[in-house]
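Here are some short exercises to try with a structure open in your viewer. Have a go at each task before reading its solution.

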Amino acid sequence: MKKFLNLLLVILCLMQMACATMPKDCTQAVVGIADGWNNSHVTLCVVEKNANGQWERVLGPYPGRLGKNGLVWGLGLHPNTRNATLKKEGDGRSPAGIFSLGGLWVTHKTPVKHNKNIPYVKVGPQDLWVTNTTDARYYNRHVRLDHPARTEWELREQMRQTDYPHSIKMLICHNTPERKGGVVVGGGSSIFFHIWRNGGKSATAGCTSMAEENLRAIIARIDPARKPVYILLPRAEYAKLRQSWRLP
């Protein structure tokens, strides 16, 4: 009986995953396709629904880089099966799935063209992004101090001030507070789109990176009114889920 119940739970989880769909009001998506779960290279494009309700590519394809160890299921808008391996802090993998897009976090001297309805933070020495798993209250959250970071904890969690690849960042809403279920401490933090390092020769710690001009083009195109999402999957997984998830 116990084996039967466990099998039934697995089947129910698989059915739930198979019935998942794109958000009904989403008409814009950044799509990232990797060759496999352990691959750190990704091909990115932006697709939108046209007047006939059909998806069409409007930007890309652009090359990008993922976490040095590839991908793993993340915590976003999609369901995960009961036994799925999930993103963990420090695993060097980018979260796979479907994710909402958040605001912009910028230190770059050149202004970033963006829709006025996208939250825009000019990052300064008082801005933190908490990645320490012992700080449950603030984990994977932005904290703005009323003074420049100065304590050991503040300096450790301070957002990067002079690192070019992190001078333009757009939040990928993996494991963020507004997600159904909230933040899972240790489930991975600080996941952004940002400029790639060493001209694309270096992978990331879990973010998605690309050339500056391509990142700027994507950001300029994003329209919050279209309820945009980021879809990141290995090629085989995308093909398997495309119909049931109603992917572009």
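The exercises below concern a predicted model.

**Exercise 1. Find out where the model calls for caution.**

Begin with the whole chain: its pLDDT averages 92, and 92% of the residues score at least 70. Next, look at residues 1-19, where pLDDT stays under 50. For this stretch the model has 13 contacts beyond four places in sequence. Where pLDDT is low, the predicted coordinates should not be read in detail.

**Exercise 2. Describe the surroundings of Asn39.**

First, place the residue: Asn39 sits in the loop that runs between strand E1 (28-34) and strand E2 (41-49). Second, check its accessibility. The relative accessible area of Asn39 is 23%, and buried would require under 20%, so Asn39 counts as partly exposed. Third, list its contacts: setting aside residues up to four places away in sequence, Asn39 touches Ala34, Leu66, Gly70 and Leu71. Asn69 is 30 residues away from Asn39 in sequence, yet their C-alpha atoms are 6.8 Å apart. Finally, a polar atom of the Asn39 side chain lies 2.7 Å from the backbone nitrogen of His41.

**Exercise 3. Is Asn175 buried or exposed, and what does its side chain meet?**

Start with the location, which is the loop between strand E9 (168-172) and strand E10 (192-195). Asn175 has a relative accessible area of 0%, so it is buried. Beyond four places in sequence, its contacts include Leu75, Tyr139 and Asn140, along with Gly182, Val183 and Gly187. Val184 is also one of the contacts of Asn175, and the backbone nitrogen of Val184 is 2.7 Å from a polar atom of the Asn175 side chain.

Note on methods. Residues are numbered from 1 along each chain as its sequence is written. This is a predicted model: local features need pLDDT of at least 70, side-chain atom pairs count only at pLDDT 80 or more; totals for chains, interfaces and linings use all residues. Side-chain values use heavy atoms; hydrogens and water are left out. pLDDT is the predictor's confidence in each residue, from 0 to 100. Contact means heavy atoms within 4.5 Å. Helices (H or I, at least four residues) and strands (E, at least two) are DSSP runs, numbered from the N terminus. Buried means under 20% relative accessible area, exposed over 50%, partly exposed in between (1.4 Å probe, protein chains only). A polar contact is a pair of N or O atoms within 3.5 Å; within protein, one must be able to donate a hydrogen and the other to accept it, and residues adjacent in sequence count only if both atoms are side-chain atoms.
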